[in-house]
Amino acid sequence: MTIKAYGAQAGDRPLESLNITRRAPGARDVQIEIAYCGVCHSDLHQVRSEWAGTLYPCVPGHEIVGRVSAVGAQVAGFKPGDLVGVGCLVDSCQQCAECDDGLENYCNHGVFTYNSPTRDAPGHTLGGYSQRIVVHERFVLRIRHPEAQLAAVAPLLCAGITTYSPLRHWKVAPGHKIGVVGIGGLGHMAIKLAHAMGAHVVAFTTSDAKRAAAKKLGANEVVNSRNADEMAAHAQSFHFILNTVAAPHALDPFFNLLKRDGTMTLVGAPPTPHPSPQVFNLIMKRRSLAGSLIGGIPETQEMLDFCAEHGIVADIELIRADEINEAYERMLKGDVKYRFVIDSASLAG
Ligand code: NAP
Ligand code: ZN
């Protein structure tokens, strides 16, 4: 069927209204009427081909929430009317060690929600800036939040899981001092999640204007990362730092804040490299530099249930689809509190 979407025809073109087609649901597919879709900085990187290799037309969007409208004959877990979500993945090989471990995000043949090869027209996946999507049931998540919170749940599908997964993997717990670098879509979720896990949370920002708001999000302390004295006051004190920054920047000032055996994990994915770290800043205290990619499907469900239980949603600004180009410009300036979410009803025109 033909539906409305918002996307770009080339990397140097603004996003515009497009007509796209979706397949009819197969035996194990779930068809979802999209209510809201969050706007991730990865959408901007990819629609502008900043990571190279973008396939056009590009319809971004991988923070999708809505209601099931139809299911295939063999779908047992979902029925029409269910509140559901779809994140960054819509398929994987389902045969490799990563898929067996529920870490489909690390499958070599994972199919991302947009910009991945597929048998459906036009030959690559098209994302959630659209009215409807059809997804294999294994990649559909159940939403247990109240329906009134649905728009603010959308960003959990990427920003939530991308920060929850490393916080869990590096075993963030009460008594730990945790840093979150960058208070954007990912960073503000990391602050809320690490706070809910009982850690002492320090937010690092380049925007003094975000200081008060960061405390409201759950940060115990806020540091301007461009202020050397403020940084020095936290030397060698962190168990773990999660770095969400979308642009290249010096990592060494953050290594110096880690205790012995501390880890800084990068989830921010700038299009060009960070300046190379000083090896001595790692070896002198057996520190680690790591990376992490979204999260697997079982852990995404665990994160959604954790957030429902703890009353956690994103802080959002709801926009119309035709406001997306302006929203991207504001995101580049760090001027979003803290996630734009598209109201899919606006796609109808
Ligand atoms: P965002 O909302 O734009 O937030 C990024 C934040 O980084 C900004 O709000 C700003 O925070 C800080 N920042 C921006 N430019 C900076 C600079 N030059 N120096 C220092 N700080 C700067 O972006 P997002 O949606 O959270 O995404 C962040 C990054 O994560 C993107 O690169 C995205 O592609 C990536 N990502 C990765 C994964 C994964 O699986 N690893 C998943 C999703 C997204 P302050 O104003 O507080 O300084
Ligand atoms: Zn994302």
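Which polar backbone atom lies 2.7 Å from an oxygen atom of ligand 1? In this predicted model, the atom belongs to Ile294. Once ligand 1 is placed in the protein, 89% of the 930 Å² that the ligand exposes when taken alone becomes buried.

Two further polar contacts help to fill in the picture. The side chain of Ser207 brings an N or O atom to 2.5 Å from an oxygen atom of ligand 1, and at Gly185 a backbone N or O atom lies 2.9 Å from a ligand oxygen. Ser207 is also listed among the closest residues of the surrounding shell, together with His41, Thr205, Thr206 and Arg339. That shell comprises 29 residues, of which 13 are nonpolar, 13 polar and three charged. Helix 1 (41-47) and helix 5 each provide at least two of its residues, with helix 1 giving the most, at three.

It is worth turning next to helix 10, which covers residues 297-310. At 1.5 Å a residue, its 14 residues should span 20 Å, and the end C-alpha atoms are indeed 20 Å apart, so expectation and model agree. Buried positions in this helix are Ile297, Glu299, Thr300, Gln301, Met303, Leu304, Phe306 and Cys307. The cover over these buried residues includes strand 9 (141-142), helix 3 (150-153) and helix 4 (159-169). Helix 5 (185-196) also takes part in this cover, and helix 5 likewise supplies residues to the shell around ligand 1. Just after helix 10 comes Gly311, whose phi is positive, at about 65 degrees.

Notes
Residues numbered from 1 in each chain as written. Chains lettered and ligands numbered in written order. Predicted model: local features only at pLDDT ≥ 70, side-chain atom pairs only at ≥ 80, totals over all residues. Heavy atoms only, no water. Helix = DSSP H or I, 4+ residues; strand = E, 2+ residues; numbered from the N terminus. Expected span 1.5 Å × (residues − 1). Buried < 20%, exposed > 50% of the residue type's maximum accessible area, 1.4 Å probe, protein only. Contact = heavy atoms within 4.5 Å. Near = heavy atom within 4 Å. Polar contact = N/O pair within 3.5 Å; in protein donor to acceptor, adjacent residues only side chain to side chain. Areas by Shrake-Rupley, 256 points an atom, 1.4 Å probe, with all protein chains shown as cover. Nonpolar A, V, L, I, M, F, W, Y, C, P; charged D, E, K, R; others polar.
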